[in-house]
Amino acid sequence: MSHGAIYIDFEFCSGCHSCEIACRKHLRIANDKDGIKVLEDRPYQQENGAWHWDYIAYPTELCDLCEDRVAEGKLPSCVQACQAKVLEFGTIEECAEKLKKKPKKAAIFVP
Amino acid sequence: MSEWKRQEGDETIFRTCAWSPPGCHPVGCGLQVHVKDGVVVDVEGDPEHPITKGSLCPRCLALTDYIYHPDRIIHPMKRAKEDRGLDKWQQCSWDEACDMVANAAQEIIDNYGPETICVFGGTGREANYWYTQWANLVFGSPNSVYAQAGWSCYGPRISNTAFMIGGGYPEIDYAQKFSDRYDHEGWVAPEVIVCWGKEPLRSNPDGMYGHAVIEMMRQFGTKLICVDPRMHWLGTRSDIVLQLNPGTDTAMAMAWIYVMDKENLVDREWIDAWTYGYDALVERCQSMPPSKAAEICGVDEELIWQAARLYGSAKPSSLAWGLAVDQNPNGTQLGQALIALMTITGFIDAPGGTTLGMGDDGGNRVKEGGGIDASQRIEDENDSTLMLALKYGIMSQETWDTKRIGVDKYPAVGSIMWTAHPDEFLKALETENPYKVHMAGFVSSNPVGTAISAEPQRWYKALKALDFNFACDCFMNPTIMSCCDVFFPVASTIEHDGMVATHYASNASFYGAQNKCVQVGECKSDIEIMMMVGKKLHPDFWNRFETQEDYDNFHVMRSWLPFKELREKVVVMSEEPYYKYKIGKLRPDGQPGFPTMTGRVELYSTMYQNWGEDPLPYYEPPAYGKESLPELSKQYPLMMITGAREQHFFHSEHKQIQALRQLTPWPMIDINTQDALDFGIAEGDWVEISSPYGSIRQLARVTPTMKKGVVHCMHGFWYPEEDGEVPNLYGNWKSNVNMLMPNSVNGKLGFGDTFKQMMVNIKKVVGLGGSNDPDTNGIILEPSRQAEFTVQQVWRPEDAPTDQYLQK
């Protein structure tokens with residue numbers, strides 16, 4: 001089986017931090033550690049007047065892609081908890097297909 | 001669907017729907033609670049929940065941190081009255097605590113009358129359902145109190161809706177009433193959604209699952225228009241954002257009506273069939289062309305035309321209104337104009353438009369998965385708290401009619417909100433006029449704190465002087481520490497059975513079971529506590545209930561579904577049909593139309609007219625601002641808005657929960673980049689924010705997203721990690737933005753306050769500062785001095801005796 005990955009449509013990541021807390025609870029790690037982390041690129045107005053303000057959640061080295069949950073047929077905890085449903089789980093190839101369909105403000109992470 | 005309770009290995013897994021505590025509105029998000037040996041080991045989203053589909057916000061994800069927090073109060077406690085403000089609480093038994101409350105109440109009832117006992121309800125939590133019952137059915141008092149000035153949260157919008165449409169709260173259609181959701185036959189996505197004074201992702205949304213907006217943007221290409229002084233994150237994903245001056249929304253809404261009529265972007269056929277007063281409305285809006293609104297609102301005129309055209313051309317379109325409608329003395333008119341905008345498109349209660357509920361929460365209960373409509377409303381002894389209180393002699397008709405404070409002055413507020421009028425109640429506490437109040441209960445309300453009450457320093461001074469006070473809550477807070485004598489520990493949403501219905505059932509998408517998963521300490525639910533005290537004071541009524549389930553079945557579930565059946569189903573969708581006004585599902589007589597005086601959507605409001613208000617919307621500038629107070633505003637050159645949410649906090653709650661607090665450790669004032677330069681303030685500086693009412697401190701966040709000349713201050717901040725005794729009182733007065741805003745600056749009908757349009761000044765300071773104790777810093781306005789500070793609107797009606805009001 002191909003390696004697992006996390007796809008994110010960060011055009012619509014609202015920065016709610018649900019993934020961080022769901023992950024921390026699942027991994028049973030302290031509040032100062034993260035298995036997935038939401039980063040913010042703070043807002044500014046571009047030359048053309050359009051606004052830039054992005055959040056993106058990326059998995060850290062503590063992420064094991066929720067092996068145990070996936071083995072039970074569940075989604076990784078961050079993917080399940082994501083309020084905007086912009087996190088998705090799959091193989092690298094499956095995630096690449098998603099990226100092809102949405103070639104704007106999207107990314108694949110392989111922790 | 002999985003069972004509501006199942007065993008996996010050594011864990012029992014419960015499916016349940018969340019309400020409160022901890023604080024939330026009735027959104028009913030789906031939880032799966034993993035329990036091992038009677039202890040919650042994990043809380044995750046329920047993938048089988050039709051609305052939330054496994055998602056959860058940070059507050060429920062951190063639920064175990066909340067329910068097992070070392071500072072949580074899990075046993076009843078008492079404290080001697082002379083020790084108020086000091087941490088001298090002693091654990092006691094439930095019996096002793098209930099006896100103390102019942103005995104104090106009985107003595108006060110005997111000596112002064114039941115009306116001298118009041119019960120405070122806060123925002124959002126389940127106790128919102130129960131605080132009027134505490135007042136009416138436990139104590140026999142008409143005075144339940146929601147302490148926000150002008151009842152300015154949800155109440156104005158509910159009342160606007162009742163007056164103009166007669167139906168339940170209007171909400172965006174995100175296929176929320178159907179189990180097959182977006183696949184439901186006949187459903188279409190809104191082409192355009194307007195978020196007016198509302199940020200649905202982070203707001204505490206009364207019943208809407210906010211991130212459904214993102215689902216519809218991603219899946220169906222739904223476009224957004226936002227009307228907000230802030231460029232919030234969702235605004236950066238919107239087609240148009242109108243960053244208007246705070247409090248000028250009514251002018252903007254009238255300009256939209258002007259454009260849509262002029263360019264024929266309304267459904268004239270629908271308007272002729274179903275509305276009353278459209279031509280008069282349009283005529284009124286001729287006074288507010290976009291050119292004029294542009295000047296008032298500080299928004300480019302062309303953008304106003306574009307926004308109104310985009311909204312008017314969309315098929316279908318939906319409009320969501322937010323708290324900015326309520327927290328504005330001109331908000332009654334704004335609500336009126338926005339209801340016009342929701343309806344003149346013809347998309348009210350249409351697929352992909354703005355949904356309506358079946359009616360008020362007295363009649364709107366589902367049966368066998370289908371709605372009980374207004375014509376099937378149960379008119380029996382269960383029907384209302386008030387009827388029960390009268391029938392069982394707990395409260396007399398005379399007490400209800402003549403002792404409910406403030407509704408003689410503001411009958412429009414009293415007609416829909418069955419409480420006292422908050423600002424008038426505060427005056428009564430201070431002046432002992434029309435009578436002295438002796439006792440207060442706080443059921444999930446913290447009016448001395450940082451969430452809802454304007455000038456909490458005045459509430460503090462008045463409430464701590466009462467004879468006896470008690471509270472039902474989960475954690476110690478500034479109100480309880482400073483004022484109370486008995487603390488009842490309340491069970492969280494996963495520690496008791498119950499029902500959650502979105503929008504308090506006024507526009508229910510589904511009915512969810514709250515299933516008890518664990519017991520923590522000796523905590524009991526709001527209902528159980530109310531029953532225990534009720535049995536001591538009015539056993540004739542209360543002794544019929546042995547368990548919470550008895551009460552739920554009697555008063556919550558009514559006759560449609562016993563709790564045990566709901567528990568097993570976990571979620572029952574309302575499956576309400578569209579176009580209810582066409583098929584006789586809104587009116588009690590079963591006829592088509594709307595339950596209003598004219599049977600139509602009243603764009604020209606006969607109800608407003610009856611109360612002496614203009615039947616058509618009009619614009620009035622903010623009470624505190626350059627236009628109304630040109631001299632004073634030179635000292636306070638910026639306009640402040642407050643109340644934008646952080647999703648990891650619910651108002652003053654959750655500040656103890658490390659996983660949540662670390663996301664926003666300090667209260668932030670958002671300052672426009674240019675304003676920050678002008679005032680010599682840099683990112684991360686402490687800032688003193690001053691109004692004519694006081695000064696507080698928050699931390700600067702410098703951002704181009706704020707409109708120039710406008711700052712936003714976070715609400716709800718106190719410091720539970722600090723010394724809780726007075727004068728510090730958990731740092732309650734250090735960053736408490738509500739201290740900057742007055743009471744009694746309401747609209748003509750009695751709704752509205754200045755939380756979203758208050759003039760302030762800012763300056764850089766060093767550090768968070770001292771306790772800012774109102775007992776010593778002189779900021780509490782004595783009743784005799786209030787008039788000199790409070791803006792008196794010229795139309796303010798004189799105080800009229802209650803009996804005169806009742807003649808009307």
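**Exercise 1.** How many salt bridges does the rule find across the interface of domain 1 of chain B and domain 2 of chain B? Describe that interface in this predicted model.

*Solution.*
1. The rule finds zero salt bridges across the interface of domain 1 and domain 2 of chain B.
2. The domain assignment gives domain 1 of chain B as 77-152 + 382-492 + 525-552 and domain 2 as 155-360 + 597-609.
3. Taken over C-alpha atoms, the centres of these two domains are 36 Å apart.
4. Eight residues from domain 1 and nine residues from domain 2 form the contact.
5. About 540 Å² is buried between the two domains, with 65% given by carbon and sulfur atoms.

**Exercise 2.** What area is buried between chain B and chain A, and how many salt bridges are counted there?

*Solution.*
1. The contact involves 43 residues of chain B and 35 residues of chain A.
2. The buried area is about 3100 Å², and carbon and sulfur atoms give 50% of this.
3. Of the area that chain B buries against chain A, 22% comes from Arg218(B), Trp233(B) and Arg237(B), more than from any other three residues.
4. Six salt bridges are counted between the chains.
5. Lys25(A) and Asp65(B) form a salt bridge through their side chains, at 2.2 Å from N to O.

**Exercise 3.** At what angle do the axes of helices α11 and α12 of chain B cross, and which residues make the contact?

*Solution.*
1. The axes of α11(B) (residues 290-297) and α12(B) (residues 301-313) come within 8 Å and cross at roughly 115°.
2. This crossing is right-handed.
3. Pro290(B), Ser291(B), Ala293(B) and Ala294(B) of α11(B) meet Glu301(B), Ile304(B) and Trp305(B) of α12(B).
4. By class, the contact residues are five nonpolar, one polar and one charged.

Terms used
Residues numbered from 1 in each chain as written. Chains lettered and ligands numbered in written order. Predicted model: local features only at pLDDT ≥ 70, side-chain atom pairs only at ≥ 80, totals over all residues. Heavy atoms only, no water. Axes fitted to C-alpha atoms, helices over the stretch in contact; angles between N-to-C directions. Helix = DSSP H or I, 4+ residues; strand = E, 2+ residues; numbered from the N terminus. Left-handed = near helix turned anticlockwise from the far one by under 90°. Contact = heavy atoms within 4.5 Å. Nonpolar A, V, L, I, M, F, W, Y, C, P; charged D, E, K, R; others polar. Domains from an automatic or database assignment. Buried area = accessible area lost by both parts, 1.4 Å probe. Salt bridge = Lys/Arg side-chain N within 4 Å of Asp/Glu carboxyl O.
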